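Subject: Structure for your review

Hello,

Here is the structure I said I would pass on. My notes follow below it.

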Amino acid sequence: MKRLTGTNEAISKILYQEQLELSQQNLDVEETVRAIIEDVKNRGDEALREYSATFDKIELTDFEVKQELIEQAFAEVDKDVLTALENAKSNIESYHRQQLETGFEDQPSSGVLRGQIIRPIERVGVYVPGGTAAYPSSVLMNVIPAKIAGVKEIIMITPPQEHFVPAILVAAKLAGVDKIYQIGGAQGVAALAYGTQTIPKVDKVTGPGNIFVATAKKQVYGIVGIDMIAGPSEIGVIADSTANPAYVAADLLSQAEHDVRARAILVTDSEELADAVEAEIEAQLKRLPREAIARPSIENNGRIIIAANTADMFDLMNKVAPEHLEIAMENAYDYLDQVENAGSVFLGHYTSEPIGDYYAGANHILPTTATSRFSSALGVHDFVKRIQYTQYSKAAVNSAEKDITTLAYAEGLQAHARAIEVRNDQN
């Protein structure tokens, strides 16, 4: 891991620039994705079949994953995996139920009624990746908040495979997915956004994916809603001399194994800990089955910063605004109020980041690339709309007329003013 030195301001600028470079979308990818989206928009299922044959090497006659395959997945799934998924589902549900919003209504003055109602999005599309790893946990994290919000129909898409990982289909059924289609990549996102002869158009697309999926979500935004444009996985660890270097190293590697572009950052006020963590990382890498992914991630993107004190550690990490933040310190909870920017926070020496990935209940679909400065983890709030309403009586309009028309004329919008005045002209 590379060590960075300098002021917090200088280091944060370096880290932010590195972040941008890692998440930078290639212009060739942009053009490729744009062409795929347009093709799917125009040719629908025919284009999807051709892309499946080209990219996935599978000839599809039917996109929908039938009930028989789902039942087969339940028969094949490891019983311990099924139990773990059921327990994780329970935790995710109990956490996200607390995010449910209620509307409000008030009467600030005579004849005036104002309020807000909450309505679920009607149909949501969830993208579930294939590729180097299977993510049944992401199925639960995307679908369960949508179900709690009251979304009427949830469509899941995932790249076609000769034999699906049983846990993916099991998780979809447990979480409450209505239909599953085997289509992936930018073409899958396009199908959800525009609809095809087989795949229904949705109102919002959520879920992680590779650079082609992320670029497609970016390009269809406005036609549909999206959760976020996710960059490479990130973990930041704030650790003092009480931290166990083996724990810290293992946690940094837990994100490094996702992707060669993943980032792991340790900020500590203990040079002795920094040295020990480096040694542990090397020892653990040699035993890691995904070393070929984790090693370049750590060597190219891993960073260690030695800070002068606790305040500097938090100041720097707030500037980094990491996706995942671990506070590996004694009495970690006492430092929570110093966290300004992070997607999800893990407190203490025993709360490893994978607890959040799989089990605790808080969502693991998180803002990356410093976007936790202004955005949040996926939640129930992402699957609802807030609709405002207002009612004024005639007397209330008369009372407010001068203020409203004064502002309308000040903006040069005479028709706005006239729409108020006409109601008094009718006396």
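I start with the contact between two domains. Domain 1 and domain 2 bury about 1000 Å² between them, and 49% of that area is on carbon and sulfur atoms. On the side of domain 1 that touches domain 2 there are 3 nonpolar, 5 polar and 2 charged residues. Please keep in mind that this is a predicted model.

Which polar links cross this interface? The rule finds 2 residue pairs in polar contact between domain 1 and domain 2, both at pLDDT 80 or more. The count of salt bridges across the interface of domain 1 and domain 2 is 0.

For orientation, the domain assignment splits the protein chain into domain 1 (2–25 + 231–361), domain 2 (29–226) and domain 3 (393–422). Domain 1 is thus given as two segments, 2–25 and 231–361. To the contact, domain 1 gives 10 residues and domain 2 gives 16 residues. Taken over C-alpha atoms, the centres of domain 1 and domain 2 are 30 Å apart.

Next, the empty space. The second largest pocket holds about 230 Å³. It is lined by 14 residues, and those closest to its centre are Tyr95, Ala342, Gly343, Ser344 and Ala377. By class, the lining of the second largest pocket has 7 nonpolar residues, 7 polar residues and no charged ones.

How many cavities of 30 Å³ or more does the structure hold? There are 2 of them. The largest cavity has about 40 Å³ of space. Its lining is made up of Asn244, Tyr247, Val248, Asp251, Glu326, Ala328, Gly348 and His349.

That is what I have on the domain contact, the pocket and the cavities.

Best regards

Terms used: Residues are numbered from 1 along each chain as its sequence is written. This is a predicted model: local features need pLDDT of at least 70, side-chain atom pairs count only at pLDDT 80 or more; totals for chains, interfaces and linings use all residues. Side-chain values use heavy atoms; hydrogens and water are left out. Domain bounds come from an automatic or database domain assignment. Contact means heavy atoms within 4.5 Å. Buried area is the accessible area (1.4 Å probe) that two parts lose on being put together, summed over both. A salt bridge is a side-chain nitrogen of Lys or Arg within 4 Å of a carboxyl oxygen of Asp or Glu. A polar contact is a pair of N or O atoms within 3.5 Å; within protein, one must be able to donate a hydrogen and the other to accept it, and residues adjacent in sequence count only if both atoms are side-chain atoms. Ala, Val, Leu, Ile, Met, Phe, Trp, Tyr, Cys and Pro count as nonpolar, Asp, Glu, Lys and Arg as charged, and the others, Gly among them, as polar. On a 1 Å grid over the protein atoms alone, a cavity is a set of points where a 1.4 Å probe fits but cannot get out, and a pocket is an open set with protein on both sides within 12 Å along at least five of seven lines; lining residues have an atom within 4 Å of a point. Grid points are joined across faces, edges and corners, and a volume is the space filled by probe spheres set on the points.
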